[in-house]
Amino acid sequence: MCSIDNAIESFLGQEGPPLPRVTLGAVNRDGTLHYVKCFDGNSAESSKPDDIHWIASATKFITSIAVMQCVERGLLELDADISRILPEWKDPKILIGFDEKNEPQFRRAKRPLTLRHLITHSAGLAYTFMHPLCIRYQELQGERPLVLQTIRESFPTFLVFEPGEQWLYGPGLEWAGLMVEHVTGLKLGEYMRQNMFVPVGASDITFHLHERPDLQARKVKLWERNNDGLKEVTDFWWPEPVSDDIGGGGIYTNVPELLKIYAGVMQGKLLRPETVEQMFKPHLEKRNHLDNREEYDLATRNAIYNAVPNTIPVDYGLGGLINTVEVPGRRGQYSLTWSGLPNCYWWMDIEKGAAGVYLSQLLPTGDQRAVELLAEFEKAVYAALE
């Protein structure tokens, strides 16, 4: 795949902020393309393509596969009230503001929460850093970590808008992962191992890095931008070890293992064709806060839309952002994509039968040069397929 190598090396040779090591991978449905390569960037560390990354929210698509397997088996329903399984979500309440004593004020939601709401980020849930009411609520609770040992102690059980009324990134997949555990009687990671990882031959993947010293020894360093250079991050807020298998962001793995999972979806090894078709369709009732990219700062915009051009309309599927028209020279219509906090990105194109992944460990999220490299990589992948 010299053409892909040349495109990446040409980009990295251009003037711009430094990048730490980046591992890129791509695969197609019929197996004629399988590309994995590590580019060293400016960091002095291992450059093996099977080194381990924390993929953060790139975990969400993997959890979505587990959820949809349970839907196929009749264990879960997309449009049923989730409080049948998660009783804390019975009669959900919506935070509407604070009174003069800084006491939170709530009203009861008019609609129940559903699994479809959870996995399309239209439930009304919010990460504390993504909504002003949640930020204020968190401030009034006193200083505490962003994520704790368990999902239930990490995320409050209230909403910030009526289910289905808008799109807002939040911990829906964390709660959906708990639903998988409830209906299967297995921890999420063990369910995935039996029903997803073993069928595609993936073993270098875990929610609990401390239980896998072989993977811990291959973990990539975390970096952050520091003036015109990079600085290693040694004290980060993500807890390790954790008690829960956090389906919204807890997986450690590498590019080769992710490609096995993506190929498994495209080849029908993990999900039925009709389920895949359903996942790769728009599912939002309303696209408020997804249609107007200008309301986000550049980094957040990059994290949400990654390499989807500004001119391309989007929606949300069951597992990721969807471009509703083809991106010329690149991904086809109704491709899925999402990112992970340390500049991890993936896309899957069912129409053209191709998937790609970009793993790095760089803060802050939504790095502009990383997204530019991702776009160049995608162009090179489709040029090679042609």
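**Cysteines and the seven-stranded sheet**

In this predicted model, the sulfur of cysteine 38 sits 13 Å from the closest cysteine sulfur, that of cysteine 344, so the two are too far apart for a bond. A disulfide would need the sulfur atoms within 2.5 Å. Looking through the whole structure turns up zero disulfides. As for exposure, cysteine 38 is buried, at 12% relative accessible area, and cysteine 134 is buried too, at 5%.

Now for the sheet. Seven strands make up an open sheet, and going across it the order reads β2-β1-β13-β12-β11-β10-β9, with antiparallel pairing. At the edges are β2 (34-39) and β9 (314-316), each of which pairs on one side only. From one strand to the next, the twist averages 15 degrees. In general, the strands of a sheet are held in pairs by backbone hydrogen bonds, in either a parallel or an antiparallel way.

One pairing worth a look is that of β11 (residues 335-340) with β12 (residues 344-349): these strands run antiparallel and are joined by five bridges. Leucine 336, for instance, has methionine 348 in β12 as its bridge partner.

Helices come into the picture as well. Helix α12 (residues 368-385) packs on the sheet, where it touches β1, β2, β12 and β13. The direction of α12 makes about 30 degrees with that of β12. Helix α9 (residues 255-266) lies across β1 (22-28), β2, β12 and β13 (354-359), and runs at about 155 degrees to β13.

Methods. Residues numbered from 1 in each chain as written. Predicted model: local features only at pLDDT ≥ 70, side-chain atom pairs only at ≥ 80, totals over all residues. Heavy atoms only, no water. Pairing = 2+ DSSP bridges. Helix = DSSP H or I, 4+ residues; strand = E, 2+ residues; numbered from the N terminus. Axes fitted to C-alpha atoms, helices over the stretch in contact; angles between N-to-C directions. Contact = heavy atoms within 4.5 Å. Buried < 20%, exposed > 50% of the residue type's maximum accessible area, 1.4 Å probe, protein only.
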